[in-house]
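Visitor: I'd like a close look at one part of this model, please. Could you pick the long helix and walk me through what packs around it?

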Amino acid sequence: MNFALGLKPPSAGSSGPGSSRGGGGRRGGPAMENLEKQLICPVCLEMFSKPVVILPCQHNLCRKCANDIFQSANPLWQTRGSTSIAASGGRFRCPSCRHEVALDRHGVYGLQRNLLVENIIDIYRQQETSRLVNMKPEQHHHHHQQQQQKLTCEEHEEEKINIYCLSCETPTCSMCKVFGRHKDCDVEPLSSVYARQKTELSDGIAMLVASNDHIQAVICQMEEMCQALKDNGERQREKLGDCFQTLAAILEERKQELVALISRQQDDKLRHVRALIRCHGDHLEAAVTLVESAIQCMEERHMPVFVQSAKDILEKMTVMARTSNIERPSVSYENMSHFGVDIEDVADMLSNIDFCSDIKTKQRSLGHVDTEKERKKDFVCFIFF
């Protein structure tokens, strides 16, 4: 069943409240249409009903719509439909930009009224009333025809659309119910369906807004979780770096101690060997001198002089022979291999450094770590915490 009921949004050429009427009936054309669009509440989709409140984000709402959104977002504060003043405090989000609105102890009644918008609505309605009054007869007739076409049934032109067919889910007139195609259908007064669906739509908007608030809260919580993950990761990296620096400092300190031990023994052995070298050098020098004296004595031709010189030289040779057995370094005295370090276990322990798990921590607390190797690993692991 087709009828002109205005079920879709009015276009530029339609007969809706924001359309042009043609001729002298034009009320500003697109400018008035744009003005009317700016006066539509984003919740109830109708022109603002006073009082109009302005949110901190500079968007406007009917106070009743703002209260509906607040009650949906805060269901425990006040039951819907209560005639008492809205509960104080609480939060809800602007349906236009999702900006969070924090209410004071007066609730939505603490929001500032937008008197400018209310005055514009009054002026707009006065001009619309004046336009209808001053409309020419032919324009008024045309407007009346459009309104009649919009509110009357196409099959029964004199009958208004006043009922709703529940079976076919379409508006219709009483004649269609009595004599027409809807006579066997279940119907309901159109005003009741209109009021119910408008309430359902308003409730749906409020529920959707509340759901959006919940989703936004979850998103904010996960964004905070991401930031916490970054902070915790950076903190643990710093702690890990500090632990390895501690290990490096311990190793460096122990290295210096062992190097000092090697250096001390090396210096002691070098001093001993060099002392023996000086002793053997002195003995060698004395022997060379004695050999030269003996050679000169051999060349002496006078027997008395030779005998006297030879006697002294022989006595010196006897003394030198007795003192020729000078100390010598032992075999492999120069070997320093006894300063070798076995790092196999330590290297294995360091290469297996890992983060402490709950199981290891529990085993430590229960005394289940038995082997020396495991104790060392747990000790190194403990350094990190």
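Guide: Happy to. Keep in mind that this is a predicted model. One number for the whole chain to begin with: of the contacts between residues at least 6 apart in sequence, 50% join residues at least 24 apart. The chain has 385 residues, and 25% of them are buried. Its secondary structure comes to ten helices and seven strands.

The helix to look at is H6, residues 190-298. Let's start with helix H2, residues 63-73, which packs against H6 at an angle of about 50 degrees, with the two axes 8 Å apart. That angle is why H2 and H6 are called oblique to each other. The crossing of H2 past H6 is right-handed. On the H2 side, the contact is made by Asp68, Ile69, Ser72 and Ala73. H6 brings Ser202, Ala206, Met207, Val209, Ala210 and Asp213. Sorted by class, this contact of H2 with H6 has six nonpolar, two polar and two charged residues.

If you find the H6 residues of that contact on screen, a general point about helices helps. An α-helix has 3.6 residues a turn, so residues three or four places apart point the same way.

Now stay with H2 for a moment. Its buried residues are Cys65, Ala66, Asn67, Asp68, Ile69, Phe70 and Gln71. H6 is part of their cover, and so are strands S1 (52-54), S2 (60-62) and S3 (91-93). Asp68 and Ile69 are thus worth clicking on: both are in the buried set of H2, and both touch H6.

There's a detail in the loop between S1 and S2, where glutamine 58 sits. Glutamine 58 isn't a glycine, yet it has a positive phi of about 75 degrees. With a relative accessibility of 55%, glutamine 58 counts as exposed.

Next comes the sheet. It is an open one of three strands, in the order S6-S5-S7, with antiparallel pairing. S6 (170-173) and S7 (187-189) are at the edges with a single partner strand each, so each has one side left without a neighbour in the sheet. From one strand to the next the twist averages 45 degrees. And here is the link back to our helix: H6 packs on this sheet and touches S5, S6 and S7, its direction making about 80 degrees with that of S7.

Zoom in on S5, residues 161-165. Four of its five residues are buried, so S5 is largely enclosed by the rest of the structure. S5 is joined to S6 by four bridges, running antiparallel, and pairs with S7 over three bridges, also in the antiparallel sense. Isoleucine 163 is a handy landmark: it faces threonine 172 in S6, and its bridge partner in S7 is proline 189. Tyrosine 164, for its part, stands opposite proline 171 in S6.

S5 and S6 form a hairpin with four residues between them. In that turn you'll find glutamate 169, whose phi is near 55 degrees, a positive value in a residue other than glycine. Most residues other than glycine have a negative phi. Glutamate 169 counts as exposed, at 61% relative accessibility.

Finally, go to helix H7, residues 303-322, which packs with H6 at an angle of about 160 degrees, with axes 10 Å apart. That makes the two helices roughly antiparallel, because angles over 145 degrees count that way. The crossing of H6 and H7 is left-handed, whereas H2 passes H6 in a right-handed one. From H6, the contact takes in His283, Ala286, Ala287, Leu290, Ser293, Ala294, Cys297 and Met298. H7 answers with Phe306, Ser309, Ala310, Ile313, Lys316, Met317 and Met320. By class, the residues of this contact are eleven nonpolar, three polar and one charged.

So, putting the helix back together: H6 meets H2 obliquely, packs on the sheet of S5, S6 and S7, and runs roughly antiparallel to H7.

Definitions and conventions. Residues numbered from 1 in each chain as written. Predicted model: local features only at pLDDT ≥ 70, side-chain atom pairs only at ≥ 80, totals over all residues. Heavy atoms only, no water. Axes fitted to C-alpha atoms, helices over the stretch in contact; angles between N-to-C directions. Parallel < 35°, antiparallel > 145°, perpendicular 65-115°, else oblique. Left-handed = near helix turned anticlockwise from the far one by under 90°. Contact = heavy atoms within 4.5 Å. Nonpolar A, V, L, I, M, F, W, Y, C, P; charged D, E, K, R; others polar. Buried < 20%, exposed > 50% of the residue type's maximum accessible area, 1.4 Å probe, protein only. Pairing = 2+ DSSP bridges.
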